Amino acid sequence: MTTIYWLRNDLRLHDNECLHLTLSKGKPFLMVYIFDPRQFVELKIGFKKTGYLRYAFLCETLLELRKSIEQLGGRLMILKGKPEVILSDLAKKLKAECIYFQKEIASEEVRVEDALKNKIPKNCTLHSVWGKTLYHIEDSPFPPEKTPLTSKAFRLNLTKKANVRPLFPMPSDLSDCVEFRDWGILPTPEELGFTKNEIVDTEQTFNGGERAALARLQHYTFGTEQLTSYRWTRNRSLGMDYSSKFSPWMALGSLSPRKIYWEVKRYEKEVKKNISTWWLIFEVVWRDYFKYSALRHGNKIFAEGGIKSRAVEWSYDKDLFDRWRFGKTGIPFVDAHMRQLDKTGFMSNRGRVNCASFLTRDYKIDWRWGAAWFETQLLDYDVCSNWMNWNTQATEIWYTNPVHQSLKYDKKGEYVKTWLPELKLIEGPIVLAPWLLEEEAKKKIDYPDPVEIYKKWTRSINRIIKSNKEEHLDTKED
């Protein structure tokens with residue numbers, strides 16, 4: 001009799017309850033990851049559900065994990081197909097007693113779990129393990145269906161009445177794995193339907209895998225002590241150290257939220273405790289809020305009107321949408337973030353807020369198109385965080401002015417010029433609103449004008465004009 005551990009978005013050895021339970025059975029085991037082709041299908045909008053950048057990051061993560069497992073005497077099987085079919089066949093072949101897997105939340109993933117329940121042999125039991133949040137669901141003071149509707153009420157209730165559990169230890173020996181002749185290989189991009197045009201060179205700033213995740217945690221905390229200033233730098237967009245950048249590894253489960261929490265607590269004791277250390281934990285709890293909220297609202301998180309059933313007549317203008325997703329709106333602060341996303345698979349939180357607001361509030365494009373594009377591109381894509389964030393931006397009352405935000409967070413245009421090289425020669429604040437340039441100057445740059453200049457931008461545009469004149473005068477006087 002054997003035990004099967006089906007890995008999903010829990011690709012790590014540290015603080016891994018599924019792995020801990022698998023090993024505690026004291027029987028030969030199989031660790032298996034399965035590429036599900038349904039996650040790589042072409043969407044009706046015209047792009048893949050999972051893009052090439054995410055695929056490449058996942059592959060790197062799996063290769064690193066396989067290497068770590070082998071160093072402990074074990075093996076990781078990698079296969080392609082429908083998990084419910086493959087796992088059922090493996091359970092029959094190995095006469096498996098049980099299958100452990102990390103419990104997912106959203107309907108697509110849950111359907112796979114339900115299909116597996118209906119296929120496995122009667123003598124094999126399924127054990128779903130909750131492992132995606134900082135606070136364990138069994139410790140929550142409220143059931144999922146009673147999750148508070150605001151993040152503040154959620155945080156206050158949860159953090160006052162529940163504790164973060166201790167870490168599960170790293171395994172020291174994985175040699176009691178079953179024997180197989182073929183342990184599988186990573187599917188090629190072509191096998192998953194990627195075309196030559198979709199297989200691109202990436203400007204990768206994140207290395208996949210648990211080792212890189214733990215190195216980043218060490219770097220941001222004790223290595224550089226950047227954590228101390230997190231509260232004041234987190235809204236920037238340029239560079240690597242203005243924020244933690246833990247999210248890509250958290251999305252694939254290469255970095256446990258509990259590991260982050262306990263490392264921050266150690267940092268508070270040994271280095272400094274301040275508003276920044278509190279704020280980083282606050283963000284991890286916010287991530288929990290989205291997961292618990294997704295449990296409460298179910299498929300409403302994907303509905304046209306969102307969880308608030310907002311009545312909106314959305315636009316479905318494909319040309320406008322393409323201007324947005326390819327960074328050609330004519331609004332530099334939006335375009336720079338969208339091009340960074342296209343090249344690297346990452347975007348700052350400040351960028352996400354602005355780009356989502358612009359698409360839904362200015363272009364009035366159905367927010368689900370934007371959420372789907374982020375799902376395709378983001379290395380840190382997490383179904384609950386992504387779709388709940390878009391719900392918030394599309395269905396709440398506030399509006400984010402990208403011209404004002406560019407003045408606030410990129411006054412000198414350094415970030416904009418980094419990702420929009422065609423604007424590098426433009427001097428002064430006017431780089432944030434290049435449509436204001438004289439016609440002769442505009443002809444020298446290959447950059448589009450916006451389809452519309454909205455009245456709500458007037459005050460910010462006037463500030464740019466004033467700042468540009470003042471800078472021009474200062475230059476003359478010098």
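**Reading a predicted model, feature by feature**

Q: Let's start with helix H14: which helices do its buried residues pack against?
A: This is a predicted model, so keep that in mind throughout. The buried residues of H14 pack against H2, H11, H12, helix H13 (349-362) and helix H15 (383-395).

Q: How many of the residues of H14 are buried?
A: Helix H14 runs over residues 367-377, and 10 of its 11 residues are buried, which makes it mostly covered. Here's the general idea: an α-helix has 3.6 residues a turn, so residues three or four places apart point the same way. In this helix the buried set includes Trp 367, Gly 370, Ala 371 and Phe 374. Trp 369, Ala 372, Trp 373, Glu 375, Thr 376 and Gln 377 are buried as well.

Q: And strands? How do I read strand S2, and which of its residues sit on one side and which on the other?
A: In a regular strand the side chains alternate between the two faces of the sheet. In S2, Phe 29, Met 31, Tyr 33 and Phe 35 take one side, while Leu 30, Val 32 and Ile 34 take the other. Both faces are covered, and seven of the seven residues in this strand (29-35) are buried.

Q: Which way do the residues of strand S1 point?
A: Thr 2, Ile 4 and Trp 6 point one way, with Thr 3, Tyr 5 and Leu 7 pointing the other way. S1 is mostly covered too, with six of its six residues buried.

Q: What are the pairing partners of S2, and is the pairing parallel or antiparallel?
A: S2 runs parallel to strand S1 (residues 2-7), joined to it by five bridges. Two of the partnerships are Tyr 5 with Met 31 and Leu 7 with Tyr 33. S2 also pairs with strand S3 (residues 76-80) in the parallel sense, over five bridges; there, Val 32 has Met 77 as its bridge partner. S1 in turn pairs with strand S4 (residues 96-102), again parallel and over five bridges, and Thr 3 is matched with Cys 98.

Q: Which helices link those strands into β-α-β units, and are the units right-handed or left-handed?
A: S1, helix H1 (residues 17-24) and S2 make a right-handed unit. S2, helix H2 (residues 52-71) and S3 make a right-handed one as well. Remember H2 from the start: the buried residues of H14 pack against it.

Q: Now loops. Is Gly 330 buried or exposed?
A: Gly 330 lies in the loop between helix H11 (318-325) and helix H12 (332-344). Buried means under 20% relative accessible area, and Gly 330 counts as buried because its value is 0%. Its contacts farther along the chain include Trp 435, Tyr 447 and Pro 450. The C-alpha atoms of Gly 330 and Asp 449 are separated by 4.8 Å, although the two are 119 residues apart along the chain.

Q: What does Thr 147 touch?
A: Thr 147 sits in the loop between strand S5 (125-129) and helix H5 (151-161), and it counts as buried because its relative accessibility is 1%. Leaving out residues up to four places away in sequence, Thr 147 touches Phe 142, Phe 154, Tyr 292, Ser 293 and Arg 296.

Q: What about the surface: which residues make the nonpolar patch of about 340 Å²?
A: Trp 232, Ile 275 and Trp 278 make it. Trp 278 belongs to helix H10 (residues 275-297) and counts as partly exposed because its relative accessibility is 38%.

How values were computed
Residues are numbered from 1 along each chain as its sequence is written. This is a predicted model: local features need pLDDT of at least 70, side-chain atom pairs count only at pLDDT 80 or more; totals for chains, interfaces and linings use all residues. Side-chain values use heavy atoms; hydrogens and water are left out. Patches are made of residues with over 30% relative accessible area and no salt bridge: like charges are joined within 9 Å, nonpolar side chains (Val, Leu, Ile, Met, Phe, Trp, Tyr) within 5 Å. Accessible areas come from the Shrake-Rupley method with a 1.4 Å probe; for residues, only the protein chains shown count as cover. A salt bridge is a side-chain nitrogen of Lys or Arg within 4 Å of a carboxyl oxygen of Asp or Glu. Helices (H or I, at least four residues) and strands (E, at least two) are DSSP runs, numbered from the N terminus. Buried means under 20% relative accessible area, exposed over 50%, partly exposed in between (1.4 Å probe, protein chains only). Contact means heavy atoms within 4.5 Å. Two strands pair if DSSP finds at least two bridges between them. A crossover is right-handed if, with the strands pointing away from the viewer, the path from the first strand over the helix to the second runs clockwise.
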